[in-house]
Amino acid sequence: LNNLIKRYGGSFEMLNEKWRYCFWLKDVNPSLIKKSSVLIDRINKCKSFRESTKSKSVNSKASTPYLFGDIRQPENDYLLIPRVSSHKRKYLPIGYISKETILADSAYGLPNATKYQFGILQSLMHNVWIRTVAGKLKSDYRYSNNLVYNNYPWPFEPSEKNKQKVEQKVEELMNNKSPTKKKKKVKGFLEPKKEDTKVSTNVVDMVAEHVVNIRKKRMELKG
């Protein structure tokens, strides 16, 4: 059964390196399941739980107790993006995750993400955008694929040269996280340059104006 056991997790597991494990039975031959008393026992317990619950969404999945309630697993390697992140963090923690790790509901998965996309999502601009438009869970930020990610003003037609600059900084950052190498600050990536300080102080105003324009357009469409 070892090949049916997959690493499982979301925000907490990635941040704390405390991954859980599960049986992943999607597309598994039923005859293989019937041969295992361990799997049959787990499946029967899941079926009983789903049948006895008062939640309609859970109860409706009682007929497929061998599957997760919601299949959200990316088919390729992905970036794991937490749904909720502490307001104390300056940057949203994200990471490259293998497709063999089952994605929990506490995070989003961005499949086939490039180093350029990773760099933009880890940029100061994107994190200011999060603090400006994201919802809140108490004082923490709630990342939304619709409100935050889909509405983010990505750089318009960036040149290959600028893309390569971002990718280079990402490689430096990823190499810097290696346990075998001494950590050092990656200049010019996470922190703005001194000459850009004046510009960065106006970022919130720019983001707010962009959000207002988006809302105006939506109201016009509804009207």
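Which residue in β7 is the bridge partner of L80? I looked this up before anything else, and I noted that L80 is bridged to G109 in β7. I should write down at once that I am working with a predicted model, and that residues are numbered from 1 along the chain.

**Entry 1: the chain as a whole**

I began with the overall make-up, and I found that the secondary structure of the chain comes to 10 helices and 9 strands. I then looked up burial, and buried residues make up 33% of the 223 residues in the chain. For contacts between residues at least 6 apart in sequence, I noted that 58% join residues at least 24 apart.

**Entry 2: the sheet around β3**

I returned to the strands and found an open sheet of 3 strands, in the order β5-β3-β7, with antiparallel pairing. I asked myself why β5 and β7 each have one side left without a neighbour in the sheet. The reason I wrote down is that β5 (95-97) and β7 (107-111) stand at the edges and each has a single partner strand, so nothing in the sheet lies beside the other side of either one. I also noted that the twist averages 40 degrees from one strand to the next.

I looked up the two pairings separately. The antiparallel pairing of β3 with β7 runs over 5 bridges, while the antiparallel pairing of β3 with β5 runs over 3 bridges. Y78 appears in both of my notes, since this residue stands opposite P111 in β7 and has I97 as its bridge partner in β5.

Is β3 largely enclosed or largely open? I found that 5 of the 5 residues of β3 are buried, so this strand is largely enclosed by the rest of the structure. As background I reminded myself that in a regular strand the side chains alternate between the two faces of the sheet. I then sorted the residues of β3 by face, with Y78, L80 and P82 on one side and L79 and I81 on the other, and I found that both faces are covered.

**Entry 3: the cavities and helix α6**

How many cavities of 30 Å³ or more does a search of the whole structure find? I noted that the search finds 2 of them.

The largest cavity holds about 90 Å³ of space. I counted 14 residues in its lining, and those that lie nearest its centre are S85, S86, L92, I130 and Y141. When I looked up where the lining comes from, I found that β4 (84-85) and α6 (124-133) each supply at least two residues, and that α6 gives the largest share, with 3 residues. By type, the lining of the largest cavity divides into 7 nonpolar, 3 polar and 4 charged residues.

I followed α6 a little further, and I found this helix mostly covered, with 7 of its 10 residues buried. The buried residues of α6 are L124, H126, N127, V128, W129, I130 and V133.

The second largest cavity holds about 30 Å³ of space. I listed its lining as F23, W24, L25, K26, Y66, L67, F68 and I71, and these divide into 7 nonpolar, no polar and 1 charged.

**Entry 4: single residues I checked**

I placed E13 in helix α1 (residues 11-16). Its relative accessibility is 6%, and because buried means under 20%, E13 counts as buried. Leaving aside neighbours within four places in sequence, I found E13 in contact with Y8, K18, W19 and R20.

I then looked up E17, which is found in the loop between α1 and β2 (20-23). E17 is not a glycine, and yet its phi is positive, at about 55 degrees. I noted E17 as exposed, with a relative accessible area of 58%.

N112 gave me a similar note, as this residue is not a glycine and has a positive phi near 55 degrees. N112 lies in the loop between β7 and α5 (115-121), and I recorded it as exposed, with a relative accessible area of 52%.

Last, I checked T64, which lies in the loop between α4 (56-59) and β3 (78-82). With a relative accessible area of 25%, T64 is partly exposed. I also looked up its distance to K47, and although the two residues are 17 apart along the chain, their C-alpha atoms are separated by 7.7 Å.

Conventions
Predicted model: local features only at pLDDT ≥ 70, side-chain atom pairs only at ≥ 80, totals over all residues. Heavy atoms only, no water. 1 Å grid on protein atoms, 1.4 Å probe; cavity = no way out; pocket = protein on both sides within 12 Å on 5 of 7 lines; lining within 4 Å. Points joined across faces, edges and corners; volume = space filled by probe spheres on them. Helix = DSSP H or I, 4+ residues; strand = E, 2+ residues; numbered from the N terminus. Nonpolar A, V, L, I, M, F, W, Y, C, P; charged D, E, K, R; others polar. Buried < 20%, exposed > 50% of the residue type's maximum accessible area, 1.4 Å probe, protein only. Pairing = 2+ DSSP bridges. Axes fitted to C-alpha atoms, helices over the stretch in contact; angles between N-to-C directions. Contact = heavy atoms within 4.5 Å.
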